[in-house]
Amino acid sequence: MVNISIIMSVYNSGNEKMLKTCIESIRNQSNSEWEMIICDDGSSDCTYELIKKLCQKDSRIIIIRNPTNMKASAARNRCLSLAVGQYIAIMDADDYSAANRLEAQFNYLENNAKVDFVGTGACLFDESGVWGTRIYAKQPVERDFLFVLPFVHASIMFRREALQNVGGYNESWKVVRSEDYDLIMRLYKAGYRGANMKQQLYHVREDQDAFRRRKYRYRWNEMIVRFEGFKGMGLLPAAWPYVIKPLIVGLIPHKFLQFLKEKHYNK
């Protein structure tokens, strides 16, 4: 019986050690009633071949492939269209989950009927190991979205119907690199609510490569997402300074911004 569907979009992540760590963290979960759907989003490197190699002996893992790079939202929506679990868990290819992550989130949602999705605390790591933690409010409200998305997106487990009722991920070019922010704000606008578990059950790779992928043009996308999301949640006009925050942060030199980030999240 499949209770949980884990969906993952992968693009040009041809690092076998990294992919193995990610996939094995799901295969070793204490809750074994799951399926994992991985979409290779038109990778131009060896990612697809590596995934097939790593998953070939596990029938619980379904691998699909986009002919071209369609971006994360479209890839996750393809996975979602094939999912059969009543709960949908997100996973990113460069991260990994604690062995009891799925069990803990499944039990939480089973015992908290008014919560539509639940995230967890996270450890931040790079090639040197864990360097910080990220823990957000137990039950975020609209104002918690002003400064930052108050969930670790890839740690979230959703009730299937909540995702379906808002149409899944937005595939517009306007939300690229901010599709998580867009999704959660649309869920809140529709009346759904999320919670966070304090346990650090997810590990987020935060290294220099991850930092360099956040190009300035994507900060314009985040500004658009913030404007539309804050408007939908009734936070404007007071939230205008937070709408333009991504553009201001993008002007800060990378090294200094990384220093500030490590100081803020350092354990």
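The following conversation goes through several features of a predicted model and asks how each one earns its description.

Colleague: How many aromatic pairs are found in the whole structure, and why is the pair of Phe145 and Phe151 called tilted?

Modeller: A search of the whole structure gives 9 aromatic pairs. In the pair of Phe145 and Phe151 the ring centres are 6.4 Å apart, which is within the 6.5 Å limit for a pair, and the planes stand at 50°, which is neither under 30 degrees nor over 60, so the pair is called tilted. Phe145 and Phe151 are both buried, and ring pairs join them with Phe117, Phe158 and Tyr188 into a cluster.

Colleague: What makes you say that the charged end of Arg76 sits over the ring of Tyr169, and which ring lies under the charged end of Lys245?

Modeller: The charged end of Arg76 is 5.2 Å from the centre of the Tyr169 ring, and the cut-off for such a placement is within 6 Å of the ring centre and within 35 degrees of the ring normal. For Lys245, the ring is that of Phe147, with the charged end 4.6 Å from the ring centre.

Colleague: Which residues touch the most other members of the largest nonpolar core, and which helix gives the largest share of this core?

Modeller: The core has 77 residues, and those that touch the most other members are Phe145, Phe158, Ile184 and Phe230. Helix α6, residues 179–189, supplies the largest share of this core, with 6 residues. If you look around Phe158 and leave aside residues up to four places away in sequence, you will find that Phe158 touches, among others, Ile88, Phe117, Tyr169, Ile184 and Leu187.

Colleague: How do you know that strands β6 and β7 pair, and what joins β6 to β7?

Modeller: Strand β6, residues 117–126, and strand β7, residues 129–134, share 5 bridges in the antiparallel sense, and at least two bridges are needed for a pair. A hairpin through 2 residues joins β6 to β7, and Asp126 stands opposite Gly129 in β7.

Colleague: Why does Ser13 count as buried, and why does Asn12 count as partly exposed?

Modeller: The relative accessibility of Ser13 is 14%, which is under the 20% cut-off, so Ser13 counts as buried. Asn12 has 30%, which falls in between 20% and 50%, and therefore Asn12 counts as partly exposed. The loop between β1 and α1 holds Ser13 and also Asn12. With residues up to four places away in sequence left out, Ser13 touches Met18, Leu19, Asp45, Thr47 and Ala93.

Colleague: What is the phi of Asn12, and what is the phi of Arg177?

Modeller: Most residues other than glycine have a negative phi. Asn12, however, has a positive phi near 45°, and Arg177 has a positive phi near 75°. Arg177 lies in the loop between α5 and α6, and its relative accessible area of 47% is not over 50%, so Arg177 is partly exposed.

Colleague: Which peptide bond is cis, and where is Pro237?

Modeller: The peptide bond from Leu236 to Pro237 is cis, with omega near 10°. Pro237 has its place in the loop between α8 and α9.

Colleague: How do you know that the span of helix α3 agrees with what it should be?

Modeller: Helix α3, residues 71–82, has 12 residues, and at 1.5 Å a residue they should span 16 Å; the end C-alpha atoms are 18 Å apart, which agrees. Several residues of α3 are buried, including Ser73, Arg76 and Leu80, and the elements that cover the buried residues of α3 include β1, β2, β3, β4, α5 and α6.

Colleague: Why is Glu35 called buried or exposed, and why is Pro241 called buried or exposed?

Modeller: Glu35, found in strand β2, has 8% relative accessibility, which is under 20%, so Glu35 counts as buried. Glu35 touches residues that include Val2, Ile4, Arg60, Ile62 and Leu82, when residues up to four places away in sequence are not counted. Pro241, whose place is in helix α9, has a relative accessible area of 53%, which is over 50%, and therefore Pro241 is exposed.

Conventions
Residues are numbered from 1 along each chain as its sequence is written. This is a predicted model: local features need pLDDT of at least 70, side-chain atom pairs count only at pLDDT 80 or more; totals for chains, interfaces and linings use all residues. Side-chain values use heavy atoms; hydrogens and water are left out. Rings of Phe, Tyr and Trp (its six-membered ring) pair if their centres lie within 6.5 Å; planes under 30 degrees apart count as stacked, over 60 as edge-to-face and the rest as tilted. Buried means under 20% relative accessible area, exposed over 50%, partly exposed in between (1.4 Å probe, protein chains only). A nonpolar core is a set of buried Ala, Val, Leu, Ile, Met, Phe, Trp, Tyr and Cys residues joined through side-chain atoms within 4.5 Å. Helices (H or I, at least four residues) and strands (E, at least two) are DSSP runs, numbered from the N terminus. Contact means heavy atoms within 4.5 Å. The expected span of a helix is 1.5 Å times one less than its number of residues.
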